[in-house]
Amino acid sequence: MSPTAFISTAIPYVNARPHIGHAFEFVQTDAMARYLRLTGRDVFFLTGSDENSLKNVRAAQDEGISTQALCDRNTEYFEGLLPLLDVSNDAFIRTSRDLHKRGAQELWRRTDPQDIYKKHYTGLYCVGCEDFYSEKEAADGKCPDHLTPLERIEEENYFFRLSRYQDKLLDLIESNQLRIVPATKRNEILAFIRGGLLDFSISRSRRRAGDWGVEVPGDPDQVMYVWYDALANYIAALDLREGSPTLEKFWLRGDERIHCIGKGINRFHTVYWPAMLLSAGLPAPTTVFVHGYLTINGQKISKSLGNVIDPRSQVELYGSEAVRYFLLRGISATEDGDYSEARFRELYNADLANNLGNLARRVETIGAKAAHSPKPEADAPAPAGYHEAMADFRFSDAAGTLWALATDLNQRIEAVKPWELQKQNKAAELAAFLDEMIASLRVIAHWVEPFLPKTAKRLRDMFQPGTPITRGDPLFPRLV
Ligand SMILES: [Zn+2]
């Protein structure tokens with residue numbers, strides 16, 4: 001039986017349309033999912049939408065529509081973006097749906113009863129963050145991130161006894177049973193846990209929640225705190241029921257359980273979530289990959305700055321392959337990166353048009369002229385460093401090994417000058433050279449699939465075994 005891998009994106013709030021930062025996470029997660037499949041894993045790739053947040057309730061109020069109507073409409077923008085970017089998810093979970101609600105409630109029921117208690121609570125809340133801040137963190141009563149006034153909340157809520165899990169979490173992370181990539185994010189979390197863990201609120205009153213969310217089992221006056229229910233999506237999607245074969249295969253006995261997330265929600269995924277799972281007797285994730293944030297031309301993405309880039313418009317302009325390439329190759333996987341259309345075009349022309357595109361074109365042109373039929377495919381091991389880079393989610397480095405190979409092949413063409421072999425009628429030498437080129441192009445075609453699935457197919461189709469090569473459209477026409 002093949003080893004299994006569960007892999008997920010975070011589920012975005014759907015209070016607005018997706019921006020290029022969402023596309024970044026979708027494409028990174030997709031590249032890893034495709035890589036895992038390519039290397040023989042049986043993969044379950046999950047994404048979805050976080051619909052139970054107060055943000056959605058407020059956004060709907062502002063528009064004068066129901067929260068469900070807002071979620072239905074906006075979720076479509078997110079779900080509709082996935083095929084445009086060639087994202088190969090196996091499932092899409094919506095947290096306002098029954099499958100999810102049932103799973104979140106089941107997780108609550110399975111939680112060690114000692115870990116849930118009720119207490120009266122006062123706190124400062126930011127709806128933008130869906131999180132509480134202490135007086136110390138918010139000196140002027142404003143959210144340190146959003147700079148908007150915090151709301152003072154006074155309620156009786158359920159709490160989760162996170163404080164009990166400090167040692168267990170340290171052990172899990174220090175031993176790398178829960179691997180956090182990159183190391184800087186692992187260190188941040190270790191320091192946070194060593195600083196002492198406080199219990200956290202896992203519910204709110206139905207009234208404050210705007211009568212929206214997942215009901216707490218046995219207490220119809222309370223709904224779950226949005227983060228408690230949102231995190232549950234990962235296992236709810238696998239059908240959290242006794243004897244569920246999907247849950248069994250991909251979570252309980254799964255070989256890898258991977259979450260890909262942005263840096264702002266690391267704590268939720270590497271502290272709260274594993275503790276919630278341990279309390280319920282369920283296995284923790286094995287890997288959490290934390291990416292940085294995107295800026296646009298050096299500025300934070302923000303509606304008020306009017307610099308939100310719609311990933312759809314980029315796909316329409318340049319095609320999904322070019323967008324995927326820039327996100328994976330042109331931006332650091334783990335540091336903050338900048339999305340600039342000037343750099344996008346530069347990288348497109350240099351790497352896609354002039355390097356790989358030109359290489360394929362040259363081999364195709366010479367091959368067509370010689371009516372060459374490629375030999376059967378042989379094993380095509382990846383270039384040195386490719387697997388190591390993928391194992392660390394260093395997408396740019398992994399792609400870099402393929403583009404280094406393409407550069408070498410272009411240089412080989414310059415050195416051998418196959419057009420002169422053609423002129424001199426050295427047919428056998430020319431055929432041998434074309435076979436060598438095509439074998440290397442097949443290495444690229446095979447391992448480029450996680451990054452550029454359409455290009456991978458195009459390259460395979462160009463050089464089919466036993467079929468004379470013909471000249472088609474260029475892979476990547478130059479941008480002017
Ligand atoms: Zn905030």
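Buried means under 20% relative accessible area, exposed over 50%, and partly exposed in between. The close-up views below are taken from a predicted model.

**View 1. Zinc site with three cysteines and one histidine as protein donors.** Histidine 146 has a relative accessible area of 36%, so this donor residue is partly exposed. The zinc ion is held by Cys126 (SG), Cys129 (SG), Cys143 (SG) and His146 (ND1), at 2.1 to 2.3 Å. The angles among the 4 donor atoms run from 100 to 115 degrees, and the site is tetrahedral. Along the sequence the donor residues follow the spacing C-x2-C-x13-C-x2-H. Cysteine 129 and histidine 146 are 17 residues apart and link distant parts of the chain. Cysteine 129 sits in the loop between β4 (116-126) and β5 (131-133), whereas histidine 146 sits in the loop between β5 and β6 (151-160). Cysteine 129 has 17% relative accessibility and therefore counts as buried.

**View 2. Cis peptide bond between valine 181 and proline 182.** The omega angle of this bond is about 5 degrees. Proline 182 belongs to the loop between β7 (179-181) and α6 (183-194).

**View 3. Positive phi at asparagine 176.** Phi of asparagine 176 is near 65 degrees, a positive value in a residue other than glycine. The residue is part of the loop between α5 (166-174) and β7. With 41% relative accessibility, asparagine 176 counts as partly exposed.

**View 4. Positive phi at asparagine 297.** Here phi is near 45 degrees, again a positive value in a residue other than glycine. Asparagine 297 occupies the loop between β14 (294-296) and β15 (299-300). Its relative accessibility is 56%, so asparagine 297 counts as exposed.

**View 5. Glutamine 28 in helix α1.** Helix α1 spans residues 20-38 and contains this glutamine. Glutamine 28 has a relative accessible area of 1% and is therefore buried. Apart from residues up to four places away in sequence, glutamine 28 touches Phe289, His291, Leu328, Ala333 and Phe395.

**View 6. Packing of helix α1 against helix α11 (residues 320-329).** Two packed helices are described by the angle between their axes and the distance between the axes. For α1 and α11 the angle is about 85 degrees and the axes are 9 Å apart. The two helices are therefore roughly perpendicular. On the α1 side the contact consists of Ile20, Ala23, Phe24, Val27, Gln28, Asp30, Ala31 and Arg34. Helix α11 contributes Arg324, Leu327 and Leu328. The contact of α1 with α11 has 7 nonpolar, 1 polar and 3 charged residues.

**View 7. Crossing of helix α7 (residues 226-236) and helix α9 (residues 266-279).** The axes of α7 and α9 come within 11 Å and cross at roughly 75 degrees. This crossing makes α7 roughly perpendicular to α9. Trp227, Tyr228, Leu231, Ala232, Tyr234 and Ile235 form the α7 side of the contact. The α9 side is made up of Phe268, His269, Tyr272, Trp273, Met276 and Leu277. By class, the residues of the contact of α7 with α9 are 11 nonpolar, 1 polar and no charged.

**View 8. Packing of helix α5 against helix α9.** The axes of α5 and α9 are 10 Å apart, at an angle of about 110 degrees. The two helices are therefore roughly perpendicular to each other. Lys168, Leu169, Leu172 and Ile173 of α5 meet Thr270, Val271, Pro274, Ala275 and Leu278 of α9. The contact of α5 with α9 comprises 7 nonpolar, 1 polar and 1 charged residues.

**View 9. Surroundings of isoleucine 93 in strand β3 (residues 91-94).** Isoleucine 93 has a relative accessible area of 4% and is therefore buried. Leaving aside neighbours within four places in sequence, isoleucine 93 is in contact with Ile11, Leu46, Thr47, Gly48, Ser49, Leu99, His100, Asn233, Ala236 and Ala237. The C-alpha atom of isoleucine 93 is separated by 46 Å from that of glutamate 436, a residue 343 residues apart from isoleucine 93 along the chain.

Notes
Residues are numbered from 1 along each chain as its sequence is written. This is a predicted model: local features need pLDDT of at least 70, side-chain atom pairs count only at pLDDT 80 or more; totals for chains, interfaces and linings use all residues. Side-chain values use heavy atoms; hydrogens and water are left out. Donors are N, O and S atoms within 2.8 Å of the metal (3.2 Å for Na, K and Ca); water is not among the atoms, so sites may look incomplete. Four donors count as tetrahedral if all angles lie between 85 and 135 degrees; four count as square planar and six as octahedral if opposite donors are over 155 degrees apart and all others between 65 and 115; anything else is irregular. Helices (H or I, at least four residues) and strands (E, at least two) are DSSP runs, numbered from the N terminus. Buried means under 20% relative accessible area, exposed over 50%, partly exposed in between (1.4 Å probe, protein chains only). Contact means heavy atoms within 4.5 Å. Axes are lines fitted to C-alpha atoms, for helices over the stretch in contact, and angles run from 0 to 180 degrees between N-to-C directions. Angles under 35 degrees count as roughly parallel, over 145 as roughly antiparallel, 65 to 115 as roughly perpendicular and the rest as oblique. Ala, Val, Leu, Ile, Met, Phe, Trp, Tyr, Cys and Pro count as nonpolar, Asp, Glu, Lys and Arg as charged, and the others, Gly among them, as polar.
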